[in-house]
Amino acid sequence: MFSAPPGLVNNSNPEVVMRLAHRLLLALLIVVVDTAAFMLPLAALLLAYVLLARPAWFRDGVERLYRGAAR
């Protein structure tokens with residue numbers, strides 16, 4: 001593992017050193033936020049919005065996609 005040069009790190013100052021409990025709490029918070037953000041079914045919400053609201057931008061996109069396709 002790489003280490004910093006001897007004069008660069010000041011382990012005697014408690015404000016500089018992040019304690020293990022703080023690192024664990026930060027890691028747990030990151031995991032919880034990540035899980036909460038990606039548990040939301042975004043594709044299903046978008047599909048429900050398109051089915052219920054029938055936005056013009058979706059119809060225009062489909063028309064552009066199939067403009068050159070033979071019927």
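pLDDT is the predictor's confidence in each residue, on a scale from 0 to 100. For the protein shown here, the mean pLDDT is 79, and 75% of the residues reach 70 or more. This is a predicted model, so local features need pLDDT of at least 70 and side-chain atom pairs count only at pLDDT 80 or more, while totals for chains, interfaces and linings use all residues. Residues are numbered from 1 along each chain as its sequence is written, and side-chain values use heavy atoms, with hydrogens and water left out.

**View 1. The whole protein: three helices and zero strands.** Going along the sequence, you meet the pattern α-α-α. Helices (H or I, at least four residues) and strands (E, at least two) are DSSP runs, numbered from the N terminus. Confidence is lowest in helix α1 (residues 20-38), at a mean of 83, and highest in α3, at 93. Just 3% of the 71 residues are buried, where buried means under 20% relative accessible area, exposed over 50%, and partly exposed in between (1.4 Å probe, protein chains only). The accessible surface comes to about 7200 Å², and 69% of that belongs to carbon and sulfur atoms. These areas come from the Shrake-Rupley method with a 1.4 Å probe; for residues, only the protein chains shown count as cover.

**View 2. Tyr49 in helix α2 (residues 42-53).** Helix α2 has 12 residues and reaches 16 Å from its first C-alpha to its last, close to the 16 Å expected at 1.5 Å a residue. That expected span is 1.5 Å times one less than the number of residues. With a relative accessible area of 42%, Tyr49 is partly exposed. Which residues does Tyr49 contact, leaving aside neighbours within four places in sequence? They are Arg54, Pro55 and Trp57, with contact meaning heavy atoms within 4.5 Å.

**View 3. Arg54, in the loop between α2 and α3 (56-65).** Look just after α2, and you'll find Arg54 with a positive phi of about 45 degrees, although Arg54 is not a glycine. Most residues other than glycine have a negative phi. Arg54 is exposed, at 65% relative accessible area.

**View 4. A nonpolar patch on the surface.** Leu46, Tyr49, Trp57, Phe58, Val62, Leu65 and Tyr66 form this patch, with about 760 Å² of accessible area together. The elements giving it two or more residues are α2 and α3, and the largest share, four residues, comes from α3. Leu46 sits in helix α2 and is partly exposed at 48%. Patches are made of residues with over 30% relative accessible area and no salt bridge, joining like charges within 9 Å and nonpolar side chains (Val, Leu, Ile, Met, Phe, Trp, Tyr) within 5 Å. A salt bridge is a side-chain nitrogen of Lys or Arg within 4 Å of a carboxyl oxygen of Asp or Glu.
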